[in-house]
Amino acid sequence: QVQLVESGGGSVQAGGSLRVSCAVSGDTSSRKTMGWFRQAPGKEREGVACIYTGSGRTKYVDSVKGRFTSFQDNAKNTLYLQMNGLTPEDTAMYYCAAEGTLLYGGRWLNPDEYNYWGQGTQVTVSS
């Protein structure tokens, strides 16, 4: 079992920055791939970034490359998503997710591939 608790969302003006956190606990073997997803009202949940916890290697969806950075602090058992250059299009509920296998290729983008989810944290960007 894995427990995920997000925090750090909030409201910011366009061009601003936010860092969301995901406190992780539970079975380390069940969280080899950690994903960040977001879901705006009326839209499907979309993958934003992932990190392979063993290597620290990251992947990003094209729309956030160069603006978002995912990293982990193993001492704190916490995953972070640093978001810079935010735009109103980034407004959504942000979720972290965990999966016990390495989701290579495009599999990391598919929310159905993940077994564990946090409750989400709201990010709102105003123009």
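## Aromatic pairs

Y104 is partly exposed, with 45% relative accessible area, in what is a predicted model. Its ring partner Y52, by contrast, counts as buried at 2% relative accessibility. The ring centres of Y52 and Y104 lie 5.3 Å apart with their planes at 55°, and the pair is therefore tilted. This contact links distant parts of the chain, since Y52 belongs to strand β5 (residues 46–52) and Y104 to the loop between β9 and β10 (116–117), 52 residues apart.

A second pair, formed by Y95 and W117, is edge-to-face, with 6.3 Å from centre to centre and 80° between the planes. Here too distant parts of the chain are linked, with Y95 in strand β9 and W117 in strand β10, 22 residues apart. Y95 counts as buried at 13% relative accessibility, whereas W117, at 27%, counts as partly exposed. Both residues belong to one aromatic cluster, together with F37 and Y114, and the search of the whole structure finds six aromatic pairs.

## Cysteines

The model holds one disulfide, formed by C22 and C96, whose sulfur atoms are 2.0 Å apart. The pair connects strand β3 (residues 18–26), which contains C22, with strand β9 (residues 92–99), which contains C96, across 74 residues. The link of C22 and C96 is right-handed, with 65° about the S-S bond, and both cysteines are buried.

C50 is also buried, with a relative accessible area of 0%. Its sulfur is 13 Å from the closest cysteine sulfur, that of C96, and this is too far for a bond, because a disulfide requires the two sulfur atoms to be within 2.5 Å.

## Strand pairing around β3

Strand β3 pairs in the antiparallel sense with strand β1 (residues 2–7) over six bridges, and in this pairing S7 stands opposite S21 of β3. Strand β3 also pairs in the antiparallel sense with strand β8 (residues 78–83), again over six bridges, where L18 has M83 in β8 as its bridge partner.

## The largest pocket

The largest pocket holds about 160 Å³ of space, and its lining consists of V24, T28, R31, M34, T53, Q72, D73, N74, N77, T78 and L79. The elements that contribute two or more residues to this lining are β7 (68–73) and β8. By residue class, the lining of the largest pocket divides into three nonpolar, six polar and two charged residues.

Note on methods
Residues numbered from 1 in each chain as written. Predicted model: local features only at pLDDT ≥ 70, side-chain atom pairs only at ≥ 80, totals over all residues. Heavy atoms only, no water. Helix = DSSP H or I, 4+ residues; strand = E, 2+ residues; numbered from the N terminus. Buried < 20%, exposed > 50% of the residue type's maximum accessible area, 1.4 Å probe, protein only. Pairing = 2+ DSSP bridges. 1 Å grid on protein atoms, 1.4 Å probe; cavity = no way out; pocket = protein on both sides within 12 Å on 5 of 7 lines; lining within 4 Å. Points joined across faces, edges and corners; volume = space filled by probe spheres on them. Nonpolar A, V, L, I, M, F, W, Y, C, P; charged D, E, K, R; others polar. Phe/Tyr/Trp six-rings, centres within 6.5 Å; stacked < 30°, edge-to-face > 60°.
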